[in-house]
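Good morning, colleagues. Please look at the sequence and the structure on the screen while I take you through the assembly.

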Amino acid sequence: MCTDNPGVWEYIANWARKHSIWVLAYGTGCGAIEMPPTMTSRYDAERFGLRGAATPRQADLLIVSGYLATKTLKRVIRTYEQMYDPKYVLALGSCTINGGMYWDSYNTIKKLDLYIPVDVYVAGCMPRPEAIIEGIIALQKRIEEGRAEGAKKYRENIEWYKKNQREVFGDEMLPDYTWNFEGGI
Amino acid sequence: MIGPNNVVLIPIIAGILAYFLGKIVKPAREGLTLGSVLAVCYLVLKLPFGKALSYSYNFNLPAYFDGLKFGTNGLSSFFAVIIVLSYLFIAFTAFALVKDKEYHGTFYLFFNIVAGSLLGIVYARDLMSFFIFWEMMTWSSYFLVIMNAKNPRKTGLTYIVLNVAGAYAMLSAIFMVYAAAGSFHFDKINHAVALMHNSKVLIIAVLFGIGFLVKMATMPLHIWAPDAYTESEDSFTGFFSGTLSKMGVYGFLLFFATLIGFANLKGVSSIKDTPTIGYVIAWLGVITSVFATFRAIVQDEVKRLLAYSSIAQVGYIVTAISMGTSLGIAGGLYHAVMHTIIKLLLFITVAGVIYRTGKERFSELGALITRMPLSFLAVLFGIIGLAGMPPFGGFASKWVIYMSLLKSHHYILLVAMIVSSTAAFLYCYKLIYGIFLGHPSSPELMEVKEVPAFLRIAQIPLMLALMIFGMLPGLLVPYIDKAVASLGFATSFTSTDIYTLSAALGGFNGFVVINVLGVIFVIVLIWYTLFFPKSKKLHRLDIYWAAETPDEDTPLHYGYGIGAELHRIPWVGASLRRHITTLYEKVAEQINGIASVMKDILFNGDGQIYMLYAVLTLVAIIMFLGR
Amino acid sequence: MSYIEELKDRLEGMFSPEKSYFPRENLLSIRVSNSNVRGALAHLRDVEGFKHFVMLSCVDWLEDGKFELVYIVWHPEKKVTVMVKTLIDRDNAEFHSLHDMWRQLCTYEREIWEMYGVNFIGHPRLEPFILEDWKDMPPMRRDFDTLHYVNEHYEWREGREESYQPREYIGEVFDEWRKK
Amino acid sequence: MSTGMRILDLIAYPFVAFLVGMLYMGVARNIVGRIHRRWGPPVLQNLIDVFKLYRKREAGSHGVMFHLGPIIMVTGVVTCLYFVPMLSGGKWLQGVSFEGDLILVTYLMVLGALGMALGVGQGGVPFGVMGVTRGLTRLIGLEIPYFIAIIVLMAHYGTASINKIIELQAGGISNWAMFKLPLAFVASLFSFWGMMGASPFDIPGAPQEVASGPASEFGGKYLALMMSSRGIFGFLKLALWVDLFMGGAANLLILIAKTFALFVTVLFVTSVYSRFKVEQAVDFMWRYPTLIGLIALVIEMVR
């Protein structure tokens, strides 16, 4: 099971990833309340293989639900960096797209994809569970086609992302041990 | 030929010499100790195992006293081997840890004397020398306890009071036996006891029992043990908990199995083909192990946890041997060996850790695995044995004890024993986590070095021994059989080769177990290492912390938290809140009150009343002499 | 004459409020001088029995150069709310802390200090509470230009340029409300 | 049977357990979904999850013990599996069960958990250690009814070897221990319920309280190994109970039928409960199941 060979293994792996997405629902804003109906009996997202993950280490999909203050953005970035490749991000609500109703708020970021790579945006204020499931299906399509490579993108353009993060955080940056590693076991 | 009588003298003389020569040249103490250790090891291991020999000092004595008799048989050789080997390992530990303490000289003096007196106890063949060496052990270990104690007055007092009380209970029993048998010699006693009246047998048994239960720290006579084990000199504690407590086992077996004889005790009264007193003592042992286990879990001091755990483990031995069945005694002996090995290993390692870090609480230690990997491995082996888990030796001994209880139909006892042996996992995990895993409680823990070389010399053979006894559980069987035979029991193991251990209801093959484990482990490890991407080396603080960023002084070590749930479990919490010493204190208060009242009545300073006492005493004496 | 009107008379007699009216029924708003705030609140709590402290809020009257601190207390039995207001100076704004009367005032005052820069004298811990490493002026002051701050700190997404000014829409409503 | 077939048999042993166990877990998720009036995931869902986890491109390690923890876990579980005969009578799928006995199996069941606990300890997440502590505390409660039950079994059949116990139950349903010793079976069923980690005894890995407890810092390949060993362990326990109380199984179909029956009964009971606190769990286990077990024990003693 060597991982650095594309082809049939990778194809099967993408199929498996598509059908088993473990969700880390990061309840930053009003979108957090849309998660329970999405997962439970009414809209049963588990039939697509979705499942709640307890910690970033186990999660594949980070759902950023709603506006991000600079304070919560820090947590989101640390969480995202603690997840393991392959990892996807699904951003809910117009707040994560362009600030939404917090368009001129002094501590709410306007574009999430400046700070972490986002796979799927779900517009709306707030998107209903149907919309979230729609977004998840779109994500599944991307995974199947092998285009959901956010982790690779983040690794390659790390300087650019760190520059944008530094513009927001100033000199209170996160410690760097979550993203640059040396050695291994 | 050099017999036991001389072997006993070697460490004692070596100790006394060491004390005085050491005043001139300090290393002489280590040198003499090493010499006596090696000599004793050579001589004891050279003695034929399990062959009954006897020697005696026949200097001219009054007629009623027929010499100090020494000798050996299966049981004596069994325990003598335990003693000399732990003497060896503890001596090595002491070389490393005691060298720059101010009580250097006295330590080696009393340490050697203790070793000698232990040998004297197991080789004694008459009650007089047995008692002499017993007292010697008690007193010299007393000095080793108070030598380094934080609270020497309380610790030493409880220790000495309880042990001396036990010893004098023994002494009175000895005189009762002498009055009946007319001799101190072991061979003459058995017949005399057989002829005795039941009540007298019972009294003797109870008195002897008290003496040995104190040494085995069985409830309710255990209160000296936690303090004494915790506060005695670190390098000696292993000997204390591993070997001195086994003297209680030896004495118990000697007196109850050969001198008094379980047959005679059954004659008094018996439950389910077990002597009633044995049954009661068995329950005492189980209760001890259960409560000591629960108490061990909630401790914060490392050595105190180990102290309570050894009380619990010796509780198993008490239960097993007091059944009076062949398999039970075999299990007790097996567990005695295993417990000695495990406790030596753990106490030596912990002594090294305390010596290196200077901290002795779980809440102050942590994350030492990167600094002292060998000690981590030692403690890992130790706890696998302590929890009685395959594939190591601890499992075999526990297995024999379970089988003995199943065979003699003491199911409720077995269930109670399961409670404590299941709860033991908790303190085992607390021991290894609190010291070696998790996060360092203070930054300077990350600079400590591995334990000294002498300790490593002691650790490695002990770990190997645990592994070998786990792989070849049948290895000890012939020796145990010899020891049991010398107590007049038939062998009870049905296994023939050294790979398997099988008795009453079943059996298992330790060799297969450890091989299956090893093979699967290696296969999985290879598969895992070759066919998967290397994992990233994560930073210590790169953990899931609810998306927060912990910094260096965030309290992340959970060392003391383990076992906090126990206080909330209704029955266990209640047992943890109460302590038996409070009961003793209440009793003492009452006695104080009564005594003061009596004093006011009797000694009221009136001369005539005193005269009356004198006259009454005189009359009483005359009446008794008159008969 | 209902309880709340008696209360209004009593308070006017005792604390001589500059302004007192009923914004709605069962809600009494009095504005007292700085020195009378503690007295008024203590009277309401201990004598009248307004046990429950609802909240402390702050209004920025930029045009008058004043901050208005609003202490809201509630009477659990009578179901009556009283707003005790006081005006403090806007530049070097400071007021004495009342955290000894209701312990939850610690949090409220800390927040007001962080958001408006009102310095509460005698407060145990005035330290950053909601904002992390905030360096600009207190953001809830009305002269803090959020749009300017956003323009220089954040990047707009294309398509958001023709954003309207909310002031134009709520403007006249705002003005006539201020006249009241 | 030839040596080659024997080796093949031994190699196949854990994989059979893995596949069946994983399928059972998938079925369990689906059934729970139906109970919630949902569709629920497909039956193969857990196998897909494990495969996905094995194919994660990254994993992080906190040190050697962290790396070895899951390996020791799967080692202990598979070793334990080898001492539990899946099939009885024939030659196939018996592992090395004739080399060990019931007490050995009982202790081997804990070995994997211990290795896991060491890994968690070096992971350094307090949540993980809390989970381990909860698990070990819960164990104090669970083991008592279980041990009472097996003591009753060993006392009744006069042997500790699992194979002999199966043989002695041969000959018709009426000889099964679950009908001969019903009280012991009920008592053991309670601790089986707890050992399956089903609610209300899913205390150690509570996601809402301690962030999935021991597993909290493990991801990627480590989590995959943990999930596999969990599947094997689940089937191990089912097979053990079938051996001890339901007369073993002659061939694979009977085995699957019996284990599935046991599994579904426990599942239906558990899928409607909420979670105990750990002290409540221990207290519960020490009250009613222990009482039932002791009654069975006393009956056995007076018999």
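**Chain contacts, folds and cores**

I begin at a strand pairing between two chains: Lys536(B) has Gly60(D), in β1(D), as its bridge partner. I should say at once that this is a predicted model. The strand on the chain B side is β7, residues 536-537, and two bridges join it to β1(D), the two strands running parallel. As general background, the strands of a sheet pair through backbone hydrogen bonds, in either a parallel or an antiparallel sense.

That pairing belongs to a wider contact, to which chain D gives 62 residues and chain B gives 54. Which elements of chain D give two or more residues to the side that touches chain B? They are β1 (60-61), α3 (64-82), α4 (102-123), α5 and α12 (278-302). Helix α5(D) provides the largest share of that side, with 17 residues. By character, the residues on this side of chain D divide into 36 nonpolar, 16 polar and ten charged.

Let me place this contact among the others. There are four pairs of chains in contact, and chains B and D share the most contacts among them. Between chains A and B, 12 residues of chain B are in contact with 18 residues of chain A. The chain B side of that contact consists of five nonpolar, three polar and four charged residues. Two pairs do not touch. Chains B and C have their nearest C-alpha atoms 13 Å apart, without contact, and for chains C and D, also without contact, the closest C-alpha atoms lie 25 Å apart.

I turn now to the nonpolar cores. The largest of them has 402 residues, and those with the most contacts inside it are Leu90(A), Leu253(B), Ile432(B), Ile151(D), Leu153(D) and Leu236(D). Helix α5 of chain D, residues 126-157, gives the largest share of this core, 20 residues. Within chain B, Ile432(B) touches Val379(B), Leu380(B), Ile383(B) and Leu437(B), leaving aside residues up to four places away in sequence. A second core, separate from this one, has 30 residues, among them Leu11(C), Ala40(C), Leu41(C) and Val118(C). In general terms, nonpolar side chains tend to be buried together in soluble globular proteins.

Chain C deserves a description of its own. Its secondary structure comes to five helices and seven strands, which follow the pattern α-β-β-α-β-β-β-β-α-β-α-α along the sequence. Five strands of chain C form an open sheet in the order β1-β2-β5-β4-β3, with mixed pairing. At the edges are β1 (19-24) and β3 (52-61) of chain C, each of which pairs on one side only. From one strand to the next, the twist averages 20°.

Inside this sheet, β4 (residues 66-75) and β5 (residues 80-89) of chain C pair in the antiparallel sense over ten bridges, and Val73(C) stands opposite Val82(C) in β5(C). Two helices accompany the strands. Helix α2 of chain C, residues 37-48, packs on the sheet, touching β4 and β5 of chain C, and its direction makes about 5° with that of β4(C). Helix α1 of chain C, residues 3-15, lies across β1, β2 (27-31) and β5 of chain C and runs at about 10° to β2(C).

For the overall dimensions, I take chains A and C in turn. The C-alpha atoms of chain A fill a box of roughly 50 × 45 × 25 Å along the principal axes, and those of chain C one of roughly 60 × 40 × 30 Å. Buried residues make up 52% of the 185 residues in chain A and 23% of the 180 residues in chain C. Among contacts with a separation of 6 or more, residues 24 or more positions apart account for 81% in chain A and 50% in chain C.

Why is the radius of gyration of chain A said to agree with that of a compact globule? With 185 residues, such a globule would have a radius near 16 Å, and chain A has 16 Å.

I close with one residue of chain D. Ala261(D) sits in helix α11 (residues 252-270) of chain D. Is Ala261(D) buried or partly exposed? Ala261(D) counts as partly exposed because 13 other C-beta atoms lie within 10 Å, whereas a buried residue needs 20 or more. Its C-alpha atom is separated by 31 Å from that of Arg303(D), 42 residues apart along the chain.

Definitions and conventions
Residues numbered from 1 in each chain as written. Chains lettered and ligands numbered in written order. Predicted model: local features only at pLDDT ≥ 70, side-chain atom pairs only at ≥ 80, totals over all residues. Pairing = 2+ DSSP bridges. Helix = DSSP H or I, 4+ residues; strand = E, 2+ residues; numbered from the N terminus. Axes fitted to C-alpha atoms, helices over the stretch in contact; angles between N-to-C directions. Contact = placed C-beta atoms within 7 Å. Core = buried A, V, L, I, M, F, W, Y, C linked by C-beta atoms within 7 Å. Buried ≥ 20, exposed ≤ 12 C-beta atoms within 10 Å, placed from the backbone. Rg over C-alpha atoms; globule rule 2.2 N^0.38 Å. Nonpolar A, V, L, I, M, F, W, Y, C, P; charged D, E, K, R; others polar.
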